[in-house]
Amino acid sequence: MKTEKSNLLFEEAKKIIPGGVNSPVRAFKSVGGNPIFMQYGNGSKIFDVDGNEYIDYIGSWGPHLFGHNPAFIKDALIHAIENGTSFGAPTEIEIQMAKLICELVPSIEMIRMVNSGTEATMSAVRVARGYTGKDKIIKFEGCYHGHGDFFLIKAGSGALTFGVPTSPGVTKGNAADTLIADFNNIDSVKNLISANKNEIAAVIIEPIVGNMGTVKAKEDFIKELREICSNENIVLIFDEVMTGFRLAKGGAQEILGVTPDLTTFGKIIGGGLPVGAYGGKKEIMELVSPSGPVYQAGTLSGNPLAMSAGLAALNFIKNNPDIYNKLEEKGNYLENGIKDGLKIIGKNFQVNRIGSMMTLFFTEEEVVDYNSAIKSDTKLYAKYFHELLNNGIYFPPAQFEALFISTEHSIKDLDKTIEANLIALKNL
Ligand SMILES: *Cc1c(COP(=O)(O)O)cnc(C)c1O
């Protein structure tokens with residue numbers, strides 16, 4: 001595989017951008033080697049600066065439900081840009097966006113747009129604290145909620161991959177207000193609540209986790225979590241930045257049949273542009289400034305370009321509800337193909353999948369939480385990753401991430417991936 005240009009660009013980037021990248025996991029640090037610099041994307045494929053072609057399973061880390069550069073989003077953007085890029089004054093498209101999210105996700109009665117998932121989760125916790133008058137929050141080990149100070153404690157995704165349980169720069173005060181429970185373990189939540197009686201403002205959770213790899217909440221766990229939060233006046237926040245509109249039009253909450261008080265969104269709702277949002281019960285959201293005292297603002301929030309791309313994506317979902325069945329079929333096809341490969345090499349490595357999110361964990365034990373996820377052999381994953389890459393398949397460059405299938409992945413793409421998977425497994 002030719003990588004001269006990518007390598008040169010990486011050397012140049014490292015001189016002026018920390019680690020050469022604007023987000024850590026992109027740097028390939030946990031799998032070794034240099035990152036590949038991309039040139040353009042089209043449907044299920046991405047093309048790098050050295051002329052290599054890949055079937056992409058990252059989809060910009062989640063946003064590209066419809067593959068790269070879908071015509072209907074491009075058209076919406078071209079149309080929007082004619083009118084200007086930003087006003088800092090309200091526009092009608094913001095109402096359309098809010099209405100559509102409220103329509104597709106029944107738990108959302110009111111919503112505020114922001115510019116990233118990180119902003120959404122930080123703001124959701126702030127309003128939960130304002131609403132309850134309490135300070136502490138509970139999060140789960142291995143869940144990732146963006147890079148806000150009080151979330152960078154035993155976080156998932158890059159923070160997990162790089163083994164930084166709590167980032168330098170996070171104050172002791174912040175760390176003390178964040179309590180850590182074990183995913184899928186309701187007793188760990190109960191213990192924290194009884195030890196911090198009337199002090200907990202919010203529980204935030206990825207109801208279906210992508211950021212320690214794909215892990216689903218057990219049904220009784222998430223139902224009980226809902227009950228406890230209601231009984232204890234704790235705001236239950238579902239972080240659906242990844243799962244919102246990825247798994248179903250109503251997100252993980254639709255699949256699990258549990259209604260949170262607040263939900264955060266990002267990724268897909270921006271149609272590939274930088275967007276986040278938080279919303280939920282009107283009674284809580286009305287506390288957000290200027291209708292209430294909880295301050296939260298954004299120069300580019302509700303940006304017309306971002307809204308038009310996002311609205312195009314959500315309208316497509318509304319008008320094509322069958323995409324989720326098709327994604328499930330494709331996911332199932334790829335899962336079975338990968339499992340066939342595992343059988344051939346005689347390994348029982350765990351495949352966790354929900355719809356179009358999937359992770360192959362290099363451990364033979366069931367993965368249900370952080371402690372079981374980290375039993376994975378990350379060195380084996382690194383080898384597997386590079387074998388796939390050399391065969392034109394772009395999987396996440398870290399074990400503790402989900403891969404994403406888009407509506408544009410064809411059976412031919414999946415077959416090619418299954419074939420490359422077998423080669424990679426045999427060469428481990
Ligand atoms: C990606 C992600 C975030 C952070 O969103 P950014 O847009 O990267 O700030 C938060 N929560 C979850 C569950 C995510 O997957």
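The points below concern the nonpolar cores and one sheet of this predicted model.

1. Residues are numbered from 1 along each chain as its sequence is written. Local features need pLDDT of at least 70 and side-chain atom pairs count only at pLDDT 80 or more, whereas totals for chains, interfaces and linings use all residues; side-chain values use heavy atoms, without hydrogens and water.

2. The largest nonpolar core (buried Ala, Val, Leu, Ile, Met, Phe, Trp, Tyr and Cys residues joined through side-chain atoms within 4.5 Å; buried means under 20% relative accessible area, with a 1.4 Å probe and protein chains only) has 62 residues, of which Phe 245, Tyr 384 and Phe 395 touch the most other members. Helix α11 (residues 304-319) gives the most to this core, with 8 residues; helices are DSSP runs of H or I of at least four residues, and strands are E runs of at least two, numbered from the N terminus.

3. This core lies between domain 1 (4-69 + 323-427) and domain 2 (71-319), because both give residues to it. The domain bounds come from an automatic or database assignment.

4. Apart from this core lies another, of 39 residues, including Val 209, Met 242, Leu 256 and Phe 404.

5. An open antiparallel sheet is formed by 3 strands in the order β13-β14-β16. β13 (350-354) and β16 (403-404) are at the edges, each with a single partner strand, so one side of each has no neighbour in the sheet. Strand β14 (residues 357-361) pairs with β16 over 2 bridges, pairing requiring at least two DSSP bridges. Phe 404 in β16 is the bridge partner of Met 357.

Conventions: Buried means under 20% relative accessible area, exposed over 50%, partly exposed in between (1.4 Å probe, protein chains only).
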